[in-house]
Number of protein chains: 2
Amino acid sequence: MKAFTYYNPVKIYFGVGAIENLKQELTDCGEKILLTYGGGSIKKNGIYEQVSGILKEAGKTVFELSGIMANPRTDKVMEGVEICRREKIDFILAAGGGSVIDCSKAIATVSCMEDPADFWNRLFVNKEKTDQAIPLGTILTIPATGSEMNTDCVITNWEEQLKYSYSSIHQYPRFSILDPEYTYTMPKNQLIYGSVDILSHIFEIYFSKPDENNVSDDVAEALMRNVMENLDTALQDPLDENARSNLMWDSTMALNGIIQAGKEEDWMAHKIEHALSAFYDIPHGAGLAICHPAYLSYICHKAPGKFARYAVRVMGCDPKGKTNEELAEEGIRKTREYFKKIGAPVTLSQVGIPAGAIEKIVEKILLIPASYTTLDREDLKKILNSCI
Amino acid sequence: MKAFTYYNPVKIYFGVGAIENLKQELTDCGEKILLTYGGGSIKKNGIYEQVSGILKEAGKTVFELSGIMANPRTDKVMEGVEICRREKIDFILAAGGGSVIDCSKAIATVSCMEDPADFWNRLFVNKEKTDQAIPLGTILTIPATGSEMNTDCVITNWEEQLKYSYSSIHQYPRFSILDPEYTYTMPKNQLIYGSVDILSHIFEIYFSKPDENNVSDDVAEALMRNVMENLDTALQDPLDENARSNLMWDSTMALNGIIQAGKEEDWMAHKIEHALSAFYDIPHGAGLAICHPAYLSYICHKAPGKFARYAVRVMGCDPKGKTNEELAEEGIRKTREYFKKIGAPVTLSQVGIPAGAIEKIVEKILLIPASYTTLDREDLKKILNSCI
């Protein structure tokens with residue numbers, strides 16, 4: 001195992017009715033609350049009313065930032081920052097999925113900058129360190145990004161067609177409320193894309209060095225099997241509390257640091273996807289279903305033993321009489337077939353991205369040193385061309 | 001999954017050389033440090049010298065409490081409390097295994113009580129809440145109890161022959177340093193008993209309701225397989241860094257709340273063992289190797305499906321043509337055989353506990369509502385009689 005530091009102070013309230021802990025959590029978070037949410041689904045499913053009631057009962061002064069959509073953008077961050085600075089917001093309460101939480105984290109950090117104007121370059125491009133953020137709490141409605149229990153946020157700069165991440169220890173939510181019932185009314189597509197996102201996070205960590213026997217990989221395999229089993233159940237019966245509970249906790253566990261312990265991690269597939277959705281505003285999980293298997297196919301010969309292990313332990317491939325290379329390919333093929341089966345797109349054309357766009361997309365991909373191998377733009381072009 | 005709250009703010013520094021983080025962690029922990037340790041093995045393996053050097057360099061005034069032995073007792077706690085109160089200790093640094101850490105946690109809490117004299121009855125018997133403790137950090141040398149990343153401590157009252165636990169959120173270590181190299185010189189018995197203890201913690205959580213498909217059980221299975229694989233390796237090659245790393249992180253993961261998420265937990269086998277070692281001062285892991293399989297045999301008919309799952313997924317039993325009941329028994333038999341193979345005792349006579357002592361031991365066992373079934377003293381007598 002590689003040396004690591006693990007520190008994650010987020011308090012998780014999990015289970016049906018977990019919202020009952022909100023009032024107590026609000027006691028020492030100040031008077032002025034910014035409630036952030038997305039397109040209004042929380043008004044339809046009753047969460048808005050429930051949360052507003054608790055805020056009112058707690059005697060808080062509530063401001064709102066609504067309309068935070070998928071792939072949240074810099075201008076939405078600035079809209080929130082203006083409210084926070086103008087109203088001297090004490091605490092941000094984010095109710096939604098990863099986009100709402102990520103946007104809220106960025107607002108929390110940028111609001112505390114002396115001069116927020118150039119936050120994009122300073123934080124998201126140059127990764128400047130910040131030493132504070134407005135404290136925030138989350139109420140999760142879409143299991144997917146894991147943002148409810150980590151320090152990261154991903155924001156899109158639509159003008160520059162860039163989608164970058166920023167991480168700060170001050171962006172840990174103080175608490176996150178995870179009620180599986182809140183996910184019952186999630187549109188089917190979000191359930192599918194969210195689950196692909198969870199699997200993709202696990203891939204990024206699992207398919208990285210070191211590969212020798214280590215407990216983090218064992219735990220990652222358990223999580224991957226669990227996501228697939230429970231997604232299948234949730235697709236058949238959207239009201240299955242147990243399947244919803246598992247998926248919700250899987251999303252958190254995939255990216256709260258536990259399976260990252262002692263691993264290098266990779267994240268190249270995410271960088272490819274970020275370029276896809278920065279140009280075409282497709283759902284993150286849809287982009288990942290397309291490019292992640294293609295990326296794995298391209299690099300699997302660098303670590304055939306690990307990919308063979310995945311094929312057998314996670315995708316149920318029979319190893320008899322097969323080489324590691326054959327098993328590796330079979331495992332990835334089965335993954336792509338699985339994505340097809342659950343209704344995720346597996347080609348660029350399915351989401352309306354023309355082959356002719358690959359060149360410009362590739363130019364925008366953030367090249368990073370990945371784990372098994374480091375790619376250049378020619379490699380990336382080949383990978384995206386294999387997704388047409 | 002059952003509703004749960006998860007909160008664990010312990011900062012973990014893991015890996016060879018992790019001690020280099022100690023100096024920085026000491027910056028805001030005050031001037032007066034109580035260094036606690038056991039029988040002096042840290043003086044032989046160089047850890048004492050290394051830590052003392054860092055404390056000196058950091059300009060701390062250091063007091064020491066040494067000689068904390070396995071099954072730490074109330075009088076040792078009071079010895080530490082006297083130092084803390086007399087010297088106004090700011091921070092406790094515990095270097096050792098679970099006994100050293102547990103004793104240090106108790107000292108940390110009891111030192112802050114207005115009147116420490118009756119701490120046993122108030123905290124360990126009546127579980128009175130406390131609202132503070134001297135902050136502490138740990139340097140782990142024996143992977144076993146998981147105390148390095150949780151709120152619990154277990155203390156023995158030798159006069160009353162009772163071994164009870166106390167838990168307080170203020171007993172979370174501020175940081176824990178986990179260097180697998182620190183475990184290389186551990187006596188073989190401690191390696192074996194520590195690993196049994198890790199497995200036993202996982203059993204207590206895994207063999208409890210709810211049993212339906214849940215990610216915590218999947219993760220628990222991954223951990224159990226990992227412990228057995230890596231113990232086998234570490235027994236063959238005590239200097240195998242990877243095996244030592246896995247065992248060390250397994251011990252932490254077994255009891256840091258992660259696999260407890262959504263589970264009832266049981267802990268009856270631990271209560272039985274606590275009575276054994278409160279009377280006979282045997283190593284905790286030795287007692288568990290004797291009584292835990294016997295306990296599982298006694299209750300397995302209450303959840304044959306779960307025990308069959310364990311047999312297949314963890315102990316590698318072939319399910320073909322077998323009933324769940326048969327598999328359940330086979331899985332437990334294989335567990336007992338595994339304990340024998342690694343050199344742990346599996347009968348009371350092996351550790352010098354006579355059959356005639358069972359009656360008085362049973363009287364001291366703390367009866368708790370367990371998960372699958374709740375036992376009375378007659379049941380406990382039968383279980384211990386099956387261990388003769």
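**Exercise 1. Describe how many residues chain A and chain B each give to their contact, and which elements of chain A take part.**

Solution. The contact draws 37 residues from chain A and 37 residues from chain B, where two residues are in contact if their C-beta atoms, placed from the backbone, lie within 7 Å. On the side of chain A that touches chain B, the elements that give two or more residues are strand S1 (4-14), helix H8 (215-236) and helix H9 (241-254); helices (H or I, at least four residues) and strands (E, at least two) are DSSP runs, numbered from the N terminus. By class, this side of chain A holds 19 nonpolar, ten polar and eight charged residues, with Ala, Val, Leu, Ile, Met, Phe, Trp, Tyr, Cys and Pro counted as nonpolar, Asp, Glu, Lys and Arg as charged, and the others, Gly among them, as polar.

The model is predicted, and local features need pLDDT of at least 70, side-chain atom pairs count only at pLDDT 80 or more, while totals for chains, interfaces and linings use all residues. Residues are numbered from 1 along each chain as its sequence is written, and chains are lettered from A and ligands numbered from 1 in the order in which they are written.

**Exercise 2. Trace the sheet that contains S1(A) and S1(B), and state which strands stand at its edges.**

Solution. Begin with S1(A) and strand S1 (residues 4-14) of chain B, which pair in the antiparallel sense over seven bridges; two strands pair if DSSP finds at least two bridges between them. Within this pairing, A:Thr5 stands opposite B:Tyr13. Next, follow the open sheet of twelve strands, with mixed pairing, in the order S3(A)-S2(A)-S4(A)-S5(A)-S8(A)-S1(A)-S1(B)-S8(B)-S5(B)-S4(B)-S2(B)-S3(B). Strand S3 (61-65) of chain A and strand S3 (61-65) of chain B stand at the edges, each with a single partner strand, so one side of each has no neighbour in the sheet. Finally, strand S2 (residues 32-36) of chain A pairs with S3(A) in the parallel sense over five bridges, and A:Ile33 has A:Val62 as its bridge partner in S3(A).

**Exercise 3. Characterise the packing of H7(B) and H11(B) by angle, axis distance and handedness.**

Solution. Helix H7 (residues 188-206) and helix H11 (residues 284-299) of chain B pack at an angle of about 35°, with their axes 8 Å apart; axes are lines fitted to C-alpha atoms, for helices over the stretch in contact, and angles run from 0 to 180 degrees between N-to-C directions. The crossing is left-handed, that is, the near helix is turned anticlockwise from the far one by less than a right angle. The residues of this contact divide into eight nonpolar, five polar and one charged.
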